[in-house]
Amino acid sequence: MSHHRAANPPEHAPAKAAEVDRVVPPHAAAKARVEWLSNFLDAKYRIPGLGYRFGWDSILGLIPGVGDAAGGLMSAYLVWEARRAGAGAGLIIRMLYNALVDMILGAVPLFGDIFDFAFKANLRNAELLKKHYSKLENEKSEH
């Protein structure tokens with residue numbers, strides 16, 4: 001049995017903060033959460049043969065009353081992530097608009113169910129937020 005110590009730290013050793021910044025973009029975890037939730041809500045399942053995608057927001061919207069409210073609460077999380085990322089009022093307003101349109105029009109019987117399958121407010125908001133994160137990362141790399 002050898003008691004020789006390796007010159008390099010073990011693979012499980014924590015990385016230094018400066019090393020992490022070079023490897024992992026600062027908003028990577030938030031981007032991953034936003035992407036996961038928006039896909040879960042708007043694009044988790046695919047209709048075979050048609051390729052059309054839908055998610056839990058559309059499924060929940062089929063439940064009268066509570067479905068659209070539950071979907072709206074989950075959509076609000078994306079707006080909260082934007083606020084945490086320092087998004088300006090313009091971005092927050094656009095995201096709130098998308099979420100509210102989805103929640104209000106989605107609550108209309110029958111029309112709302114069809115609208116939920118087509119509008120995909122969460123994917124729209126995720127895209128807006130990803131652009132915001134990219135802008136922040138570009139600004140950080142320029143400094």
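Leu110 sits in the loop between α5 and α6, where helices (H or I, at least four residues) and strands (E, at least two) are DSSP runs numbered from the N terminus. Residue numbers start from 1 along each chain as its sequence is written. This is a predicted model, in which local features need pLDDT of at least 70, side-chain atom pairs count only at pLDDT 80 or more, and totals for chains, interfaces and linings use all residues, while side-chain values use heavy atoms, with hydrogens and water left out.

Back to the loop. At 62% relative accessibility, Leu110 counts as exposed; the cut-offs here are under 20% relative accessible area for buried, over 50% for exposed, and partly exposed in between, with a 1.4 Å probe and protein chains only. Its phi is near 65°, a positive value in a residue other than glycine. Lys120, in the loop between α6 and α7, also has a positive phi, near 55°. As background, most residues other than glycine have a negative phi. With a relative accessibility of 14%, Lys120 counts as buried. Leu110 can also be placed relative to Gly61: the two are 49 residues apart in sequence, and their C-alpha atoms are 9.9 Å apart in space.

What about the overall layout? The protein has 7 helices and 2 strands, and reading along the sequence gives the pattern α-α-β-β-α-α-α-α-α. Of its 143 residues, 33% count as buried. Contacts (heavy atoms within 4.5 Å) between residues at least 6 apart in sequence join residues at least 24 apart in 59% of cases.

On either side of Leu110, which lies in the loop between them, α5 and α6 pack at an angle of about 150°, with their axes 8 Å apart. Axes here are lines fitted to C-alpha atoms, for helices over the stretch in contact, and angles run from 0 to 180 degrees between N-to-C directions. That makes α5 roughly antiparallel to α6, given that angles under 35 degrees count as roughly parallel, over 145 as roughly antiparallel, 65 to 115 as roughly perpendicular and the rest as oblique. From α5, the contact is made by Asn98, Val101, Asp102, Leu105 and Gly106, and from α6 by Phe111, Gly112, Asp113, Phe115, Asp116 and Phe119. By type, the residues of this contact of α5 with α6 divide into 5 nonpolar, 3 polar and 3 charged. In that tally, Ala, Val, Leu, Ile, Met, Phe, Trp, Tyr, Cys and Pro count as nonpolar, Asp, Glu, Lys and Arg as charged, and the others, Gly among them, as polar.

After the loop that holds Lys120 comes α7 (residues 121-142). This helix has 22 residues and reaches 32 Å from its first C-alpha to its last, close to the 32 Å expected at 1.5 Å a residue; the expected span is 1.5 Å times one less than the number of residues. Buried in α7 are Ala121, Asn122, Asn125, Ala126, Leu128, Leu129, His132, Tyr133 and Glu137. These buried residues pack against α2, α3 (56-60), α4, α5 (89-106) and α6 (111-119).

Salt bridges (a side-chain nitrogen of Lys or Arg within 4 Å of a carboxyl oxygen of Asp or Glu) come to a count of 4. One of them links Glu81 with Arg33, with the closest N and O atoms 2.8 Å apart. Glu81 lies in helix α4 (residues 66-84) and Arg33 in helix α2 (residues 28-42), so this pair ties together parts that are 48 residues apart in sequence. Glu81 is buried, at 1% relative accessibility, whereas Arg33 is partly exposed at 32%. Glu81 also meets Arg84 in a salt bridge (3.9 Å, N to O); being 3 residues apart in helix α4, these two are separated by about one helical turn.

Another salt bridge belongs to α7, where Glu127 pairs with Lys130 and the closest N and O atoms are 3.7 Å apart. Here too the partners are 3 residues apart, separated by about one helical turn. An α-helix has 3.6 residues a turn, so residues three or four places apart point the same way. Glu127 is partly exposed, with a relative accessible area of 37%, and Lys130 is partly exposed as well, at 26% relative accessibility. As for networks, salt bridges that share partners join Arg33, Glu81 and Arg84 into one.
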